[in-house]
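Student: I am new to this structure and would be grateful for a close look at one part of it, namely the contacts between side chains. Would you please take me through them step by step?

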Amino acid sequence: GYLRAEFDRIAPNQKMDFVILKQKIAENFNANCNGKFDGDLIRVYYYDAIVDSSHPKFKEQDDYQATIKKINGYQIRLGKLTSTGKNGGALKQKGVDVLLATDMITKAYTDQYDFAILIAGDSDFLEVVNAVKDSGKRVVGMYFKEHIADDLYDALDTRIELNNFYNSFRIITVSQSNDDE
């Protein structure tokens, strides 16, 4: 959700090219390791949330995530979007951070990766990053410079600003004007 929300903030009404995003993650990881490591990006876990199937926005969200699922190397992990008030109101993610934290820690301790690449900015992930590092793994952080908690930033082994290359994975969409009618 962090990636989607930040991308929407920076490039409103534009879409991400998830194939290019995956390529750019690998390229930037390899470029930032100064030749010490040359890794293959085997799998990308995309964490987000979705409303209940009875919600009016379900189809839109389901279609968005289905687009990502079709791309080789992506796995979707979903929490839920629930209303914050009794009569509706803002939607809030539930369970997404726990899914991500569980995967990062269990996969680190079962030796399923050497480097975790975390796209996030929330200090809630500080203890997860520390636990992964305690397992002997490294954590590369990718983030938008305007939204990264200082303590999370400090804990990362390597830091890569998404601001430096987000233009390369955005699909510019031109909206139809009324003059075309």
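Tutor: Let us begin with a salt bridge between Asp157 and Lys133, whose closest N and O atoms are 3.9 Å apart. Asp157 lies in the loop between α6 and β7 and Lys133 in helix α5 (residues 126-134), so the pair ties together parts that are 24 residues apart in sequence. Asp157 is partly exposed, with a relative accessible area of 36%, and Lys133 also counts as partly exposed, at 29% relative accessibility.

It should be said at once that this is a predicted model. The mean pLDDT of the chain is 87, and 90% of its residues reach 70 or more. Residues 174-181 call for caution, as pLDDT stays under 50 there. For that stretch the model has 0 contacts beyond four places in sequence. Where pLDDT is low, the predicted coordinates should not be read in detail.

Let us return to the charged pairs. Side chains of opposite charge can pair when their charged atoms come close. In the whole structure, a search finds 8 salt bridges, and the pair of Arg4 and Asp48 is one of them, with its closest N and O atoms 2.6 Å apart. This pair links distant parts of the chain: Arg4 belongs to helix α1 and Asp48 to strand β2 (residues 44-50), 44 residues apart. Is each of these two residues buried, partly exposed or exposed? Arg4 counts as partly exposed because its relative accessibility is 26%, whereas Asp48 counts as buried because its value is 1%.

Helix α1 takes part in a further salt bridge through Arg9. The partner of Arg9 is Glu146, and the closest N and O atoms of this pair are 3.3 Å apart. Here again distant parts of the chain are linked, since Glu146 is in the loop between β6 (138-143) and α6 (150-155), 137 residues apart from Arg9. Arg9 is partly exposed, with a relative accessible area of 40%, and for Glu146, likewise partly exposed, the value is 40%. The bridge of Arg9 and Glu146 belongs to a network of salt bridges in which Glu6 is linked as well.

We now turn to the rings. A pair of aromatic rings is described by the distance of the centres and the angle of the planes. The count for this structure comes to 11 aromatic pairs. Phe7 and Phe169 form one such pair, with 5.7 Å centre to centre and 25 degrees between the planes. This pair is classed as stacked because planes under 30 degrees apart count as stacked. Phe7 is in helix α1 (residues 2-10), while Phe169 is in the loop between β7 (158-161) and β8 (170-171), so that the pair links distant parts of the chain, 162 residues apart. Phe7 is buried, with a relative accessible area of 1%, and Phe169 is buried, with a value of 0%. Ring pairs also bring in Phe165 and Tyr166, which form a cluster with Phe7 and Phe169.

A charge can be placed over a ring as well. In this model the charged end of Arg159 sits over the ring of Tyr153, 4.5 Å from its centre.

Consider next Asp103, which lies in helix α4 (residues 96-109). Asp103 is buried, with a relative accessible area of 8%. Which residues are in contact with Asp103, leaving aside its neighbours within four places in sequence? They are Tyr45, Tyr47, Arg77 and Ala108. With Arg77 there is a polar contact of 2.9 Å that joins the two side chains.

Two loop residues complete the picture through their backbone. Asn13, in the loop between α1 and β1 (15-16), has a phi near 65 degrees, a positive value in a residue other than glycine. Asn13 counts as exposed, at 71% relative accessibility. Asp111 is found in the loop between α4 and β5 (115-119); its phi is positive at about 60 degrees, although Asp111 is not a glycine. With a relative accessible area of 57%, Asp111 is exposed.

Methods. Residues are numbered from 1 along each chain as its sequence is written. This is a predicted model: local features need pLDDT of at least 70, side-chain atom pairs count only at pLDDT 80 or more; totals for chains, interfaces and linings use all residues. Side-chain values use heavy atoms; hydrogens and water are left out. pLDDT is the predictor's confidence in each residue, from 0 to 100. Contact means heavy atoms within 4.5 Å. Rings of Phe, Tyr and Trp (its six-membered ring) pair if their centres lie within 6.5 Å; planes under 30 degrees apart count as stacked, over 60 as edge-to-face and the rest as tilted. Helices (H or I, at least four residues) and strands (E, at least two) are DSSP runs, numbered from the N terminus. Buried means under 20% relative accessible area, exposed over 50%, partly exposed in between (1.4 Å probe, protein chains only). A charge sits over a ring if NZ of Lys or CZ of Arg is within 6 Å of the ring centre and within 35 degrees of the ring normal. A salt bridge is a side-chain nitrogen of Lys or Arg within 4 Å of a carboxyl oxygen of Asp or Glu. A polar contact is a pair of N or O atoms within 3.5 Å; within protein, one must be able to donate a hydrogen and the other to accept it, and residues adjacent in sequence count only if both atoms are side-chain atoms.
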